[in-house]
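Let's take a walk through this fold, one contact at a time. Keep the viewer open as you read.

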Amino acid sequence: PSSTPSAPSTDAVWLTSRTAVQLLETRHRMHLSDKAVSPLASTMLAVIMWEGRARDVLPAAVAVPSRSQPLSWNDVDISWVAWHKLSIRPAQGRLSQQITVRWAIPHPLRSAAGLASLMLMSLGDAGPQSVRWPDEPAEQKLLSWLGDFLRTVHRFRPSARETAEDFITYGPSQADVALLPEHLALEVLAHAVGRTGAGGVMLYPRVNMAYEYVCVEVSSAAAHSQQREALTAFQRYLRSGEGQRLGLAHGLRSTLPDLIPGPTDPWRRFNAQGAQFTPQVIWTDVRAIVEPASRLARQAMERLDRR
């Protein structure tokens, strides 16, 4: 799941995200051995928009060049500074007749995906290619900047999946753009195909972070021998070519470097809407910024609650 556990579990095994594990280690001062954490699949964060809105917003955000031919979503960059401007006031032109850009973001204190989203937006405020967390004085300035984004969120949901489901269910009436793990953004695109006049567009921030899903063995000594055999067999299947291809079919990225998507996998199906299996991104390691980002998220949400 993409939600963040609130306390260490007594279960023997977790299937969760690595960011959730890092949050547990930070908040509860626990440490899990690298041997206890087995990567199963990965994803990254992506921006998903309703296409009608994107045709107004993206040129206004100077995210695409001005040209007469149809927009190509694959080469669109994302400037968080430009997104911020559109979240506090409408752009000129047709967009000026509409409201500011409204976001759908998972709850940053309850969802690992929501916290990762806040991290990514905060890095973007430091510069278009920044991968360094701001120092403490600059971090405090981020509070009001992030608040401008967060104020546009209609309802914070406790998980990325529930956020995606709301985005699909309520469509453009509730939010224009969502920041979600890529596999959920691909699900939104699949549902958008059936919506009259509300197709989807997917975009990748140039600075991004791996959103890894892992199997965590918490208390291996407590497991019965038959349970351990079943767990080992399950893990072997998930890491096998068959299991990894199943992940590809659902928009997850394989841990096998040579496994590439087939014709029916989401990246091929939705390439015209911006989905990319090999986007040009800059990766950053989030381990060092989980704690300051979590603190910043708590302060930002407290300010929001006092509105």
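**Starting from a serine**

Pick out Ser122 and look past the residues within four places of it in sequence: Ser122 is then in contact with Trp133, Leu142, Trp145, Leu146 and Leu296. This is a predicted model, by the way, so read everything below in that light. Ser122 belongs to helix H4, which covers residues 112–126. Is Ser122 buried or exposed? Its relative accessibility is 1%, and the cut-off for buried is under 20%, so Ser122 counts as buried.

Now hop over to the strands. Strand E5 takes in residues 200–203, and it is covered on both faces. Gly200 and Met202 sit on one side, Val201 and Leu203 on the other, and all of them are buried. Strand E2 (residues 37–50) runs antiparallel to E5, and four bridges join the two. If you want one of these pairings to click on, try Met49, whose bridge partner in E5 is Val201.

Next up, the charged side chains. How many salt bridges are there? The count comes to eight. Among them is the one between Asp166 and Arg157, where the closest N and O atoms are 3.3 Å apart. Asp166 is buried, because its relative accessible area is 8% and the cut-off is under 20%. This pair isn't on its own, either: Arg155, Arg157, Glu162 and Asp166 are linked in a network of salt bridges.

Another salt bridge brings together the side chains of Arg161 and Glu187, at 3.0 Å from N to O. Here the partners come from distant parts of the chain, 26 residues apart: Arg161 is in helix H6 (residues 160–170), and Glu187 is in helix H7 (residues 182–192). Arg161 has a relative accessible area of 36%, so it is partly exposed. Glu187 comes out as partly exposed too, because its value is 25%.

Stay with helix H7 for the last stop. Glu182 and Arg253 meet through their side chains in a salt bridge, with 2.8 Å from N to O. Glu182 lies in H7, while Arg253 lies in the loop between helix H9 (241–249) and helix H10 (266–269), so the salt bridge ties together parts that are 71 residues apart in sequence. Are these two residues buried or exposed? Both Glu182 and Arg253 are buried.

Terms used: Residues numbered from 1 in each chain as written. Predicted model: local features only at pLDDT ≥ 70, side-chain atom pairs only at ≥ 80, totals over all residues. Heavy atoms only, no water. Salt bridge = Lys/Arg side-chain N within 4 Å of Asp/Glu carboxyl O. Buried < 20%, exposed > 50% of the residue type's maximum accessible area, 1.4 Å probe, protein only. Contact = heavy atoms within 4.5 Å. Pairing = 2+ DSSP bridges.
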